[in-house]
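Please report on the strand pairing, the charged pairs and the cysteines of the structure below. Keep it brief and give the cut-offs.

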Amino acid sequence: MQICFEAIGMRKVILLIGVWCWFGIFGLQAQQSRVVNKKAFSLFQHAQEAFRTGEREKALELLGRAKSYEPGFSGLYLLEADIYHRQGEKVREIEAIKTALALDSLSDHPYYFFVLAEEEFERACYAQAKIYYAQYLRKDKRQRAGQRAVKQLKNCDFALQALRAGQKQPVEVYFQSGLPVYWPSLDVTGQVFLFTEQEGDREKMWMLKDSVRYDLNFKVTGNCGSPSLTADGQMMYFSMDTGGRNGFDIYVAYRLSDSTWSEPVNLGYPVNTESWDAQPAISADGTKLYYASNREGGQGGSDIWFSKLLKRFPDGRQVWSQPRCLYFNTPGDEMAPFLYFDNRTLFFASDGYPGMGCKDIYKVDIASVSEPLNIGITVNTQKDEFGFMVDASGEWGYFSSDVTGKRCIYRYRLGEQLACPPAVYLDLQVLDEQGNPIQPERLILVDVGTRDTLACYDGNFSGKSGLACVPEDKLLLLSVIREGYLYYSDTLQVRRGSGVTRQLCRVYLRPIQKEQTLILKGVFFDVDDYELKPESYPELLQLAEFLRLNPEVRIEIAGHTDNTGSDKHNYQLSENRAFEVYKFLFLRHIGKERMSYRGYGKDYPLAPNDTEEGKARNRRTEIRIQ
């Protein structure tokens, strides 16, 4: 899998066994307590020379003859192990080292303990690997692989504890093909499924929708894969080989129909650089990007970086913020991120933390800056693990494995510690007063408390409806703009029904007419204060955009209060609040000739002031089309 392994440009642990070991063998004398047969030693020296000149078969034949004279000479088996290593015959190499170890303490050749430890670790024989690593560290004064051995000892301890404490969950095959498949990606509905397939050295992405397999229609310059979808399935971010020195860049393609996509658009600088930039994970709303890169400025190796969307253009180009390196990166390799639909739960692969070996999958809560949590032995093994994801139910994890000899995509039910909150999502439909669908120029859904964007449609490659993943029981602000129509603004809270995750939200837009009024439900002040709260900014930025799209519109900004306090105080408070909105818009380049402001105090209540609910309705900021 080139995107996962060979072509990612990552640092690998290169064990120079064939160099480090046979130099020691060439200096070998008869280290055993008894004298080595002279004929055997002479044949051994000739075998050394043959190996040195590349005549490996001759060297093996000479070693075989030497064994007939001195079968207990350990050096014969160590040189044989080096030859087998050069020939890629791992099983025979290990057998030869173990034979030599049975004959000799190998105190002058401790690196072979490291070789044995790596082999046992690769076979997930952690207890035996731990013994060999410890022997290596005790015996090798030069500590040529000391750092690796210490790290692997920690992995052995972690793995042994995990195997004692944990239990593998049952897994089921989710998708398989005649070729290796991996790197699954699902939209929030679960109906659009993307995956990467490998044929020889060629990697290609496919889409599966309603059990129909679609070949992605756009042109590719080389291998491509590791797709990531926005929640609505309308934008696909992926890695593609650029053919350059460092291989991969990140691209986006826009969905044009059920089965077709736009031509890929390179995200450009600063997301893509001259370094290796790949394996994107896009947020549900398409405004946050996590990806792997080995660029300068990180912690070392590959790191996971984060960037925010600044702007989209009608031709598909996008502008992203300067990326920043995330807090959990290590001097090792972190890569293959997956961001869950809640915009805070991130899964990634790493070899920088104690684990089962090579790269394991970890989980973090980026909102609370939690420590990485190893997701356990159902997915993680002594091999590299990549491409893990969780579907919108929050209960099912998906991963690829070649445990049966053919790489397939599996899924399993997550335990309580790993499960994510179910994704509740809105089906947002924008209509005119007659109920006809219309495409908004801009639609924004924001979590008022955190000001986190949950949906962002800007009219570029977007349709007349969209999907937005939303948190439960949070105050949300929905604002919609369409040229020629009155700006729409409303707050809402979504509560999860019994097993229902999809909820319909219809937005009706009214054509702009004189004397229309609109309550700015996303404008907030503290009690008896006129300073705008930061939660008001998303609403007012949308209002400014509405005025820019409709330059002929003039508005009055009106402040209203309940009946608490004196008339004079209420007039002044409501006018001050209206002026704060006026000032905000003026500083965003809305001309003062297009705006006026006025405080009406308690004069125009919407409800009786005899209940707290009624008073809350009366405390408001409005605009009126003049």
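## Strands, charges and cysteines

Strand 22 (residues 424-431) and strand 28 run parallel and are joined by seven bridges. The model is predicted: local features need pLDDT of at least 70, side-chain atom pairs count only at pLDDT 80 or more, and totals for chains, interfaces and linings use all residues. Residues are numbered from 1 along each chain as its sequence is written, and side-chain values use heavy atoms, with hydrogens and water left out.

Two cut-offs apply to the strands. Helices (H or I, at least four residues) and strands (E, at least two) are DSSP runs, numbered from the N terminus. Two strands pair if DSSP finds at least two bridges between them.

Strands 22 and 28 belong to an open sheet of three strands, with the order 25-22-28 and mixed pairing. Strand 25 (465-470) and strand 28 (502-508) stand at the edges. Each has a single partner strand, so one side of each is left without a neighbour in the sheet. On average, neighbouring strands of this sheet are turned by 30° against each other, direction ignored. The axes behind this angle are lines fitted to C-alpha atoms, for helices over the stretch in contact; angles run from 0 to 180 degrees between N-to-C directions. Leu428 has Cys505 in strand 28 as its bridge partner.

Asp427 lies in strand 22. Is Asp427 buried or exposed? Asp427 counts as buried, at 10% relative accessibility. Buried means under 20% relative accessible area, exposed over 50%, and partly exposed in between (1.4 Å probe, protein chains only). The side chains of Asp427 and Arg502 share a polar contact of 3.0 Å. A polar contact is a pair of N or O atoms within 3.5 Å; within protein, one must be able to donate a hydrogen and the other to accept it, and residues adjacent in sequence count only if both atoms are side-chain atoms. Leaving out residues up to four places away in sequence, Asp427 touches Ser465, Gly466, Leu467, Arg502, Gln503, Leu504 and Cys505. Contact here means heavy atoms within 4.5 Å.

A hairpin comes next. Strand 15 and strand 16 form it, with five residues between them. In the turn, Asn343 has a positive phi of about 65°. Strand 15 pairs with strand 16 (residues 345-350) in the antiparallel sense over four bridges. Met335 has Ala349 in strand 16 as its bridge partner. Strand 15 (residues 334-339) is mostly covered, with six of its six residues buried.

Now the charged pairs. The structure holds 38 salt bridges, each a side-chain nitrogen of Lys or Arg within 4 Å of a carboxyl oxygen of Asp or Glu. Three of them are tabulated.

| Salt bridge | Closest N to O | Relative accessible area |
|---|---|---|
| Lys90 – Glu119 | 3.5 Å | Lys90 35%; Glu119 14% |
| Arg148 – Glu118 | 3.0 Å | Arg148 22%; Glu118 11% |
| Asp526 – Lys533 | 3.3 Å | Asp526 39%; Lys533 24% |

Arg148 in helix 8 (residues 146-165) and Glu118 in helix 6 are 30 residues apart. A network of salt bridges links Asp333, Asp351, Lys359 and Asp384.

Last, the cysteines. A disulfide is a pair of cysteine sulfur atoms within 2.5 Å. The count by this rule is zero. The sulfur of Cys156 is 10 Å from the closest cysteine sulfur, in Cys125, which is too far for a bond. Cys156 is buried at 0% relative accessibility. Cys408 is buried too, with a relative accessible area of 2%.
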